[in-house]
Amino acid sequence: MNWFRRIFRREEIATELAEEMRSHLEEKIEALEREGLSRTQAEQAARRTFGNATVIAERSRETWQWPRIESFWGDAKYALRQLHKSTAVSLIAIATIALGIGASVAIFTLSWNIILKTLPVPHPERLVSYELRDNSILHGLSGPFYKLLRERQTTSSDLMAWTDTITLRSHERFGVRAGSQTSLEDLEFLSSNSFDVLQLEPSLGRGFAAQDDNASILPAILSYDYWKNRFNSDTSVLGQQLVIGDHPAVIVGVMPRAFVGLTANLRPAVFLPLTAVNIFFDKDELTAPWPTHSGFYAMGRLKPGRTVAEAIAEAHAMEPTLRKDADPSRIFLAEYFPSLRLYVREGSSGLSWLKTTYEQPLLVLELLVALLLILCAVNTAIVMLARVSGRQQEYALRAALGASRQRIVSQVLLETLMLAVPGSIAGIFLGWAGVRALVAMLAFDGPPQPLDLRPNATILAVNAGITILVALGAAAVPAMRAAGTAPALDLKVAGRNLSKKQLGGWAIALQVAVSICMVSTAATLSDTLLHLQMSRTGFNFTNAAAASIDVTALKLTDAQSNQLFQRFFSSVKSQPGVVASAHVGPLPLSGHFMVTRAFSFDRQHNVHSQQTMTMAQVSAGYFEAAGTRILAGDPTPASAGQSCVLGRTQAESFFPGESAVGHQVYFSTFGKPDGTVVDPKKSCRVVAVAEDAKFVSLHRPAPRLMYQFVHLDSVAEFAPNDMTQIIVRAKSDDLALAALRAAAAATLPTGATIKPRSFIDLAHDDLSRERMLMLLSNSFAALALLLTSLGLYGLLMRSVNRRIYEIGIRLALGSPRSGIISTVVRRTLYYTAAGMLAGTAIAFVIGQTISHLLGINAGSALSGYFIAAGVMLAVIALSVVPPVRRATAVDPMRALRAE
């Protein structure tokens, strides 16, 4: 019998089977009648001989049906009918699961793109990355440091190095001319051994080789997408020339299709040898003790049998000698960057700037999502427990008629899955919509990096697994309750016996505990953001705007760039509503900073202190434009000689017990750290002292800061060939932004770009991580409180409804209504108290973990516990009031008559 007929013509086959069985039975009856039996005797004898027709039919159907599938289909239809009986409750349960799964999909999609995605190379888990870091700030390696590390390490088969246009030009792209078409593209620079370390096989042509380091013309390897889009996948592209900036290059290969670079989401169009960095900057970056324009990142492939832990231990052992030998002058690693430390990590995902910023926040969000999923499972369990409690007479009768415990458990599991599956599907769509909103909350240091938010097999598989876990967690207790129903044919007796079972105090305790954890976490993160926003920053963010102006494409001389920027600054000052404007480099709150080594003299003219400090170059009017208060002196640069302003902490350190104004500060340049050499050309006169400002980032304490004035009309002091930054203060944010745009339109030629932003937006971007955590944690906490309130309300209300008869009798016998309230609330309060105690203990552990991950102080976490306890008590009080009112409003006579 073919499968098509077995599926779609089952009724016809069943009719034929019944007809055949009747035919056989009739033949037997006729045979017995011919032997002399009466019709009645013949029918009885034939049926005894033939056997149970129903059992025979069932066994016959088993040969052309799938019993398990038939049973499952029947259970599924029955489950749908049961869920349809209480559509509103079912929809609430589905919505609850959808919200939990949606949050999980959104956060996991972001985590997959930023943290978990690996490089498309053979065995990426064997790759290790070497970096110099100052806590969370990533710095590249110098050329000598990389070379020594490559020679001395023993855990990897070899070490490669690379850098890219994010590091080289802060996301500014290079012009690439192919034929007659020119486009701005990102570049990536790879050492000649990169293809061996990564075990990459080009789609076309070859990879880099040692001879490419000294080639007369740059060899270039195209990305697969650039080759496909610009050259239409032409296989004859090898040997053709490109012009990158002003430098010719010849195409020698095409990267594999899946490989889009080592820096996450950068997608460079062209790959060049690492030595090309020297060509683009006209200096030997690879041998300089510290790269002034770029940093290099190192990656190795572990030898068989070696581990990342061994690589970390080896790096720690080598670090002191590496620092000394890579910088024998002890200028940079010993003086300028003493806090830099060598870090070794698993390198399967390459380099991700977003990962550096958002790895810890995403781990915190994953933890909150896990708690939210537990809460969703508990609330679904409450719904299923209520269903089971309302159908215990049915289960008692089914058990009495021979239904196995396995069949009853499978029925409950199936009903739970009927809620979980549509909730999961809805959650996927919610998650994919939500992740786009999350990406909009991320702050990018430059143009937004493209993230692949499309669904993939991994995300769907993880979502399916989470759905199954939620369903199993929600069905576990209700299934055990249903399977434990004792057989009973007297349905009234069964209902009375089974109604004595409680509806799940464990659910109350678990809900309260999870909610306490989530609310305390949200309060802690909110308090952290509020503290960062309310603390003194040294800036006035209102009515101000900032911009970066890039003229790289114009290829100007020093004199030309100076004249262009002078016209631009003059135009800005003349715009309506402008109060003050000034050049600043680097831009505040950008995460970028300049470091110098400076010293001062004491009263005996001895060197008082030598300190590494942060330096910013500013023009006249900066302090008014930035809103930084002047504490002493006059922040007007002298017409002749170099002038500077010190931050308060730096001034007190350099000149303790006296005013810093009027003193000289000497500072070294790269290569001249000796503070005992007094060079007037490398000194400045302190004209004012300013309040401390969080110049680099609002996350970090205010650095020791020196503002060095530059004169805009001096080519020697102010001739930025590539880009400059400006801050403008006006009567409103809109006027400040309008002034920048109008000045750009009036003075900047085609090819120059400007990126104006309000100062408030700069601050928001700097706090984007904290803001995202605050918004999401508060959303999750609000959802947790809502689910807990609904769950508690549902349990209490159902308990009251099931005990109406008992309450009526007690009231009829004279029990005071206060006693009724105690009966209804007492057990709930016990479980609530247990949940709050357990939740506070768990919240303490979670708070310590989050504090460690995000660097939050313990005071913020402690305040979060008290806030969570207060909010939880208020939610419990609101949830208890309606059931209590329902219980105390019972009419004893009506309750007894109803019974």
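A residue is called buried when its relative accessible area is under 20%, exposed when it is over 50%, and partly exposed in between. The exercises below apply this to a predicted model.

**Exercise 1. Describe the chain as a whole: what share of its residues is buried, and how much area does the chain expose?**

Step 1. Of the 899 residues, 51% fall in the buried class.
Step 2. The exposed surface of the chain comes to about 40,700 Å², and 58% of this is supplied by carbon and sulfur atoms.
Step 3. The secondary structure consists of 29 helices and 24 strands.
Step 4. Among contacts with a separation of 6 or more, 81% join residues 24 or more positions apart.

**Exercise 2. Characterise the packing of helix H6 against helix H17: at what angle do they pack, and which residues make the contact?**

Step 1. H6 covers residues 87-116 and H17 covers residues 457-483. Their axes are 10 Å apart and form an angle of about 145°.
Step 2. The crossing of H6 past H17 is right-handed.
Step 3. On the H6 side, the contact is made by Ile101, Ser104, Val105, Phe108, Thr109 and Trp112. H17 contributes Thr458, Ile459, Val462, Asn463, Ile466 and Thr467.
Step 4. Sorted by character, the residues of this contact are seven nonpolar, five polar and no charged.

**Exercise 3. Analyse the largest nonpolar core: how many residues has it, and which helix gives the most to it?**

Step 1. The largest nonpolar core holds 86 residues. Those with the most contacts inside it are Leu110, Leu365, Leu372, Phe780 and Met872.
Step 2. Helices that each supply at least two residues of this core include H6, H17, H19 (505-534) and H28 (858-888).
Step 3. H14 gives the most, with 18 residues.
Step 4. Beyond its neighbours within four places in sequence, Met872 is in contact with Val512, Ser515, Ile516, Leu785, Thr788 and Met836.
Step 5. Another core, apart from the largest one, has 55 residues, including Ala178, Leu204, Ala315 and Val344.
Step 6. As general background, nonpolar side chains in soluble globular proteins tend to be buried together.

**Exercise 4. Classify Ala580 as buried or exposed, and identify what it touches.**

Step 1. Ala580 is found in strand E15, which runs over residues 578-585.
Step 2. The relative accessible area of Ala580 is 8%, so Ala580 is buried.
Step 3. Not counting residues up to four places away in sequence, Ala580 touches Gly621, Glu624, Ala625, Ile727, Val728 and Arg729.
Step 4. Ala626 lies 46 residues from Ala580 along the chain, and the C-alpha atoms of the two are separated by 8.9 Å.

**Exercise 5. Examine the backbone in three loops: which bond is cis, and what are the phi values of His123 and Gln199?**

Step 1. The peptide bond joining Gly585 and Pro586 is cis, with omega about -5°. Pro586 belongs to the loop between E15 and strand E16 (594-601).
Step 2. His123 has phi near 45°, a positive value in a residue other than glycine. The loop holding His123 is between H6 and strand E1 (127-134).
Step 3. For Gln199, phi is near 60°, also positive in a residue other than glycine. Gln199 is placed in the loop between helix H9 (194-198) and strand E7 (204-205).
Step 4. Gln199 has a relative accessible area of 37%, and therefore counts as partly exposed.

Notes:
Residues are numbered from 1 along each chain as its sequence is written. This is a predicted model: local features need pLDDT of at least 70, side-chain atom pairs count only at pLDDT 80 or more; totals for chains, interfaces and linings use all residues. Side-chain values use heavy atoms; hydrogens and water are left out. Axes are lines fitted to C-alpha atoms, for helices over the stretch in contact, and angles run from 0 to 180 degrees between N-to-C directions. Helices (H or I, at least four residues) and strands (E, at least two) are DSSP runs, numbered from the N terminus. A crossing is left-handed if the near helix is turned anticlockwise from the far one by less than a right angle, and right-handed if clockwise. Contact means heavy atoms within 4.5 Å. Ala, Val, Leu, Ile, Met, Phe, Trp, Tyr, Cys and Pro count as nonpolar, Asp, Glu, Lys and Arg as charged, and the others, Gly among them, as polar. A nonpolar core is a set of buried Ala, Val, Leu, Ile, Met, Phe, Trp, Tyr and Cys residues joined through side-chain atoms within 4.5 Å. Buried means under 20% relative accessible area, exposed over 50%, partly exposed in between (1.4 Å probe, protein chains only). Accessible areas come from the Shrake-Rupley method with a 1.4 Å probe; for residues, only the protein chains shown count as cover.
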